[in-house]
Amino acid sequence: MTTDEIDQLREDVLAAIDVAAGPDALEAVRVHALGKQGTVTALLKSLGKMTPEERQVQGPRIHGLREAVNAAIGARREKLEAAILADKLASETLDMTLPVDVPTSGTVHPVSQVMDELAEIFADLGFAVATGPEIEDDWHNFTALNIPDTHPARAMHDTFYFPPDDSGEQKMLLRTHTSPVQIRTMVDQKPPIRIIAPGRTYRSDSDATHTPMFHQVEGLVIDKGITLGHLKWTLETFLKAFFERDDIVLRLRPSYFPFTEPSAEVDVGFSIEKGKRVIGGSEGWMEVLGSGMVHPKVIEACGLDPKEWQGFAFGCGIDRLAMLKYGMDDLRAFFDGDLRWLRHYGFSALDVPTLSGGVGA
Ligand code: PHE
């Protein structure tokens with residue numbers, strides 16, 4: 001092969017490499033030049049038949065050609081692979097800011113939503129969430145809460161009792177309020193204590209505003225030097241955050257609970273807007289919760305010294321809170337499991353309540 005022919009071959013092969021559109025085309029060019037029967041391979045083989053003088057001239061040219069072809073193939077391959085990767089990255093991009101396709105069925109029940117909102121609000125105030133069993137014993141539900149056997153409050157609670165155990169002594173019951181969680185927490189944990197305890201409670205009662213199973217949230221703070229002022233501030237802060245309004249007005253009415261002294265029932269002011277009651281202002285009053293300073297006898301029953309530790313507690317109906325905030329007027333519909341109701345009043349599972357985004361967002 002003459003020098004011109006070698007130069008021509010180099011030009012042809014390099015041009016073919018340059019236009020190879022993909023890895024397969026490039027491989028075909030490589031085989032055509034450098035494969036067993038390849039054009040460049042044939043040249044390399046021809047070196048063996050040359051005289052030493054010829055080889056001295058042609059050798060470097062032919063080896064140079066092979067190296068140039070190899071280098072060009074390597075460079076082209078890198079380019080093609082980079083283009084394929086760029087294409088893949090562009091087509092497989094996930095836009096994390098796009099909303100997910102939310103399924104049409106399945107919603108968060110307003111009671112669960114409100115419980116999440118409560119946990120969020122109280123977590124911000126330094127409260128942990130505590131729990132206790134729904135099947136309780138007499139001591140935690142009544143006795144330790146300063147409601148002895150003969151106390152009339154027992155009758156007021158419309159308690160569901162289980163049949164007595166074999167010895168005929170222990171009568172278990174469905175807890176009538178979340179207050180037994182106060183007892184369990186004080187027995188188990190060292191003060192200072194700041195907890196809320198949301199959960200199911202049971203009383204034999206049923207009408208438009210009462211169901212045999214309902215939900216309460218208990219609040220308990222035990223520390224040194226706790227006063228009624230701390231209670232009022234905490235409730236005010238909580239209700240303002242919960243109803244997402246600053247014009248929340250509270251009214252504390254003297255009341256009686258065996259486990260608090262003094263006790264106060266808390267009313268929240270409402271106004272009438274377009275014929276509907278709306279929380280805020282003070283055109284009328286609605287009772288929302290019971291509260292008070294934890295009775296020294298209760299603190300003592302849990303093994304703490306009431307001279308050292310004081311605190312406040314409150315109990316609040318969650319279903320009621322949900323009705324007031326989200327405008328439902330029949331409590332019984334909460335527990336019917338009617339899909340139309342759930343779709344209408346339920347919340348998206350992806351709307352997690354946060355204080356910054358608005359707990360009811
Ligand atoms: N446990 C009371 C009830 O169910 C509410 C309450 C809780 C009152 C804590 C005072 C303190 O009515």
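## Two domains

The C-alpha centres of domain 1 and domain 2 lie 83 Å apart. This is a predicted model. Its protein chain is divided into two parts: domain 1 covers residues 3-91, and domain 2 covers residues 110-344.

## Where the ligand sits

Start with the pocket. The ligand occupies the largest one. Three elements each give two or more residues to the shell around the ligand. They are β5 (213-223), β9 (284-294) and β10 (310-317). Of these, β10 gives the most, with three residues.

In total, 14 residues surround the ligand. The closest are His177, Ser179, Arg203, Gln216 and Gly315. What is the make-up of the shell in nonpolar, polar and charged residues? Four residues are nonpolar, eight are polar and two are charged.

## Contacts with the ligand

Three of the closest residues can be followed down to single atom pairs. His177 places a polar side-chain atom 3.0 Å from a nitrogen atom of the ligand. Ser179 also faces a ligand nitrogen atom, with a polar side-chain atom 2.9 Å away. Arg203 pairs with an oxygen atom instead: an N or O atom in the Arg203 side chain is 3.0 Å from an oxygen atom of the ligand.

How much of the ligand's accessible area does the protein cover? On its own, the ligand has 330 Å² of accessible area. The protein covers 91% of that area.

## Cis peptide bonds

Now turn to the backbone. Most residues other than glycine have a negative phi, and most peptide bonds are trans. Two peptide bonds in this model are worth finding as cis cases.

One joins Pro191 and Pro192, with omega at about 0°. Pro192 belongs to the loop between α8 (180-188) and β4 (193-202). Another cis bond runs from Glu261 to Pro262, and its omega is near -5°. Where is Pro262 placed? Pro262 is in a strand, β7, which spans residues 260-273.

## A positive phi

Glu244 is not a glycine, yet its phi is positive, at about 55°. Glu244 is placed in a loop. That loop lies between α9 (228-243) and β6 (250-257).

## Places to look

For the ligand, begin at His177, Ser179 and Arg203, which are among the closest residues. Then look at β10, which gives three residues to the shell. For the backbone, go to the cis bond between Pro191 and Pro192, the cis bond from Glu261 to Pro262, and the positive phi of Glu244.

Notes:
Residues are numbered from 1 along each chain as its sequence is written. This is a predicted model: local features need pLDDT of at least 70, side-chain atom pairs count only at pLDDT 80 or more; totals for chains, interfaces and linings use all residues. Side-chain values use heavy atoms; hydrogens and water are left out. A residue is near a molecule or strand if one of its heavy atoms lies within 4 Å of it. A polar contact is a pair of N or O atoms within 3.5 Å; within protein, one must be able to donate a hydrogen and the other to accept it, and residues adjacent in sequence count only if both atoms are side-chain atoms. Accessible areas come from the Shrake-Rupley method with a 1.4 Å probe; for residues, only the protein chains shown count as cover. On a 1 Å grid over the protein atoms alone, a cavity is a set of points where a 1.4 Å probe fits but cannot get out, and a pocket is an open set with protein on both sides within 12 Å along at least five of seven lines; lining residues have an atom within 4 Å of a point. A molecule sits in a cavity or pocket if more than half of its atoms lie within 2 Å of its grid points. Helices (H or I, at least four residues) and strands (E, at least two) are DSSP runs, numbered from the N terminus. Ala, Val, Leu, Ile, Met, Phe, Trp, Tyr, Cys and Pro count as nonpolar, Asp, Glu, Lys and Arg as charged, and the others, Gly among them, as polar. Domain bounds come from an automatic or database domain assignment.
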